[in-house]
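This report describes the fold and the ligand surroundings of one protein. Please keep the sequence and the structure at hand while reading.

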Amino acid sequence: MSGDFPQRAEVVIVGGGISGVSTAYHLAVAGVDVVLIERGALASGSTGKALGGIRASFNHPANLQMGVYGREVYGRFAEEFDQPINFVPGGYLYLIDDTIPMEQIEAAVALQAGFGVNSRIIEPSEIHAISPLVNADAFVAALWSPDDAKAEPEPATQGYARAARTAGARLFTHVDLIGIETVDGSIHSVSTVAGSIATGCVINCAGAWAPAVAKMVGWDLPITPYRRQVVTTTDLPDIEPHETLTIDLATSFYFHQERRKFTVGYSDPREEPGYNLTFDPTDWLPRMLEKAGRAAPGLLELGIQSGYAGLYAITPDHNHLIGEYAGVNRFLYAAGFSGHGFQMGPATGRILSELFLGQEPFIDIAPLDAARFEGEYSSAQETFIV
Ligand SMILES: Cc1cc2nc3c(=O)[nH]c(=O)nc-3n(C[C@H](O)[C@H](O)[C@H](O)COP(=O)(O)OP(=O)(O)OC[C@H]3O[C@@H](n4cnc5c(N)ncnc54)[C@H](O)[C@@H]3O)c2cc1C
C-alpha cells in the first residue's frame with residue numbers, strides 16, 4: 001500500500017487487473033474521483049497469466065466490437081501511454097477439423113466482415129506458410145485472421161495504472177476488500193483491511209473472484225473459475241520468426257512463439273472448477289502432448305522449460321458479464337471474461353466509465369448484462385473458445 005488511505009471516493013474499483021486499471025484510467029480522465037483497491041500487486045490475478053492474444057475472431061457482435069477496439073488501442077498503446085507492450089500483429093490461425101460445423105465458421109466470417117474484420121477461411125495447403133509447424137493433414141480448413149495480434153499484459157496494466165494516477169486516480173495495492181455496506185438499497189461504504197471508504201459506487205473488476213465481491217451485496221454472479229495450465233519450451237537457437245497464435249478449435253490446443261521460445265497450452269475439459277493455481281503436469285501434460293502430436297508434432301521435439309497455471313473465469317455461454325446490477329443502487333461489474341479479458345480491457349474501461357457517467361456505452365452491451373441468465377436462458381455459446 002502507498003499514500004494516505006482515503007476516507008471517501010466517488011467510485012471504488014475492486015481489482016487491479018487490466019479491467020480495473022483501464023476503468024480507473026477512463027474515469028479519472030473524465031474527472032471522477034476514483035479509488036482502486038487490489039489485494040495483491042497490480043496484474044497479480046489472471047491478467048499477469050494471460051498470453052496477451054488480441055483478436056476480433058468472435059461470433060458475438062459485442063465481443064467482436066470490444067475485441068476490435070482493444071486491437072486499435074493496444075496497437076497505439078506504446079505512443080499513447082508511453083509504455084512499450086510488445087504489440088505484434090502476427091494474426092490468429094484457427095485450425096478446423098471435420099467435427100466443426102463449417103456453416104458456423106462461415107457465419108462468423110460474414111459477421112466479422114460486417115464489422116470490417118479481415119478474416120477468411122483458407123485451404124489446408126495454405127496453412128504451412130502461416131504456421132509452419134502445423135500438421136495440415138489433420139485439418140479440413142482454417143480461419144485466418146491476419147490483423148489479430150498479441151501484446152504483453154503486465155506492461156499494459158502498468159501503462160494504464162500510471163496514466164490513471166497521472167489523471168488523479170488513487171490506486172492501492174495489497175488492500176483486500178472485506179465488505180460492502182448498503183443503506184436503503186444504495187451503496188454506502190466499503191470495508192477493507194486498511195479501513196473504510198465512504199462511496200456511492202462500487203465497480204466489481206475482481207476477475208475470477210468477482211462472485212465473492214458480488215455476494216457482498218447479496219448477488220450470485222454466474223462465474224466459475226477453472227485452472228488453465230501453460231508451458232514454455234526451452235530456448236531455440238535458430239528459430240524462424242513465427243508470430244501467429246495458432247489454435248486447434250476442436251481441442252483448444254494452442255501455441256505461439258514468444259521471443260526464442262514457444263508458449264503452449266490446452267484447456268483440459270476434465271479440469272474441476274476451483275481456485276487451484278498449482279501447476280501440476282501429471283495428468284494434464286500427457287493430454288496436452290497428445291493434442292500437440294496431432295496439431296503440431298514438431299513441438300514434441302522441443303524441451304519444456306517451465307510451466308504455470310492461471311484462472312479462467314467462465315460464464316455459462318463463455319461471454320463475459322458487463323453492466324450495472326439492478327438490485328442495488330450503483331453496483332457496476334465487468335467479469336467472467338472466459339479467457340478473453342485482456343483484449344477486452346480497453347473497451348471494458350471505457351464502457352464502465354460511460355455507464356457510471358450515465359452515457360450510452362459506445363458498444364451495445366445490453367446482451368452482455370448478467371441478467372441474461374435470470375429466468376429462462378437461451379443464447380448461442382461463443383464459437384471461438386480457447
Ligand atoms: C493461461 C491464461 C491465458 C490467457 N490468455 C488470454 C489471451 O491470450 N487474451 C485475452 O484476452 N485473455 C487471456 N486470458 C484471460 C485474461 O487473463 C482475463 O480474462 C483478464 O486478465 C481478466 O482481467 P480482469 O482485470 O478482469 O481480472 P484479473 O486480472 O483477474 O484481476 C482481478 C483482480 O482482482 C483482485 N481481487 C479479487 N478479489 C479482491 C478483493 N476482495 N479485494 C481486492 N482485490 C481483489 C485480484 O487480486 C485480481 O488481481 C488468459 C488467462 C489465462 C489464465
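In which sense do β19 and strand β20 pair, and over how many bridges?

## The six-stranded sheet

In this predicted model, β19 and strand β20 (residues 331-335) pair in the antiparallel sense, and four bridges join them. Within that pair, Glu324 stands opposite Leu332 in β20.

The two strands belong to an open sheet of six strands, in which the order is β9-β3-β2-β13-β20-β19 and the pairing is mixed. Because β9 (170-173) and β19 (321-324) stand at the edges with a single partner strand each, one side of each is left without a neighbour in the sheet. From one strand to the next, the twist of this sheet averages 15°. Helix α1 lies across β2 (11-14), β3, β9, β13 (202-204) and β20, and the helix runs at about 170° to β3.

## The eight-stranded sheet

Another open sheet is formed by eight strands, which follow the order β6-β7-β5-β15-β16-β17-β14-β18 with mixed pairing. Its edge strands are β6 (120-122) and β18, each of which pairs on one side only. Neighbouring strands of this sheet are turned against each other by 25° on average, with direction ignored.

Strands β14 and β18 run antiparallel and are joined by 10 bridges, and Tyr226 stands opposite Tyr312 in β18. Helix α4 (residues 102-114) packs on the sheet, where it touches β5 (92-96), β6 and β7 (141-145), and the direction of α4 makes about 140° with that of β6. Helix α8 (residues 281-295), for its part, lies across β5, β14, β15 (245-248), β17 (261-266) and β18, and runs at about 110° to β17.

## Overall build and domains

Taken as a whole, the protein has nine helices and 20 strands. The radius of gyration of the protein is 21 Å, close to the 21 Å that the globule rule gives for 386 residues, so the protein is as compact as a globular protein of that length. Along the principal axes, the C-alpha atoms fill a box of roughly 65 × 45 × 40 Å.

The chain is divided into domain 1 (8-49 + 153-223 + 317-373) and domain 2 (92-146 + 224-314), and the centres of the two domains, taken over C-alpha atoms, are separated by 30 Å. Domain 1 gives 12 residues to the contact between them, and domain 2 gives eight residues. On the side of domain 1 that touches domain 2 there are, by class, five nonpolar, six polar and one charged residues.

## The surroundings of the ligand

Which residues come nearest to the ligand, out of the 40 around it? They are Gly17, Gly45, Gly207, Gly310 and Gly341. The elements that contribute two or more residues to this shell are α1 (18-29), β3 (34-38), β14 (224-233), β18 (304-314) and α9 (341-356).

Helix α1 and strand β3 thus reappear here as parts of the shell, having been met above as a helix and a strand that it lies across. Likewise, β14 and β18 both give residues to the shell, and these are the strands joined by 10 bridges in the eight-stranded sheet. By class, the shell holds 17 nonpolar, 18 polar and five charged residues. At least three residues of the shell are drawn from each of domain 1 and domain 2.

Technical notes:
Residues numbered from 1 in each chain as written. Predicted model: local features only at pLDDT ≥ 70, side-chain atom pairs only at ≥ 80, totals over all residues. Near = placed C-beta within 6 Å. Nonpolar A, V, L, I, M, F, W, Y, C, P; charged D, E, K, R; others polar. Domains from an automatic or database assignment. Contact = placed C-beta atoms within 7 Å. Pairing = 2+ DSSP bridges. Axes fitted to C-alpha atoms, helices over the stretch in contact; angles between N-to-C directions. Rg over C-alpha atoms; globule rule 2.2 N^0.38 Å.
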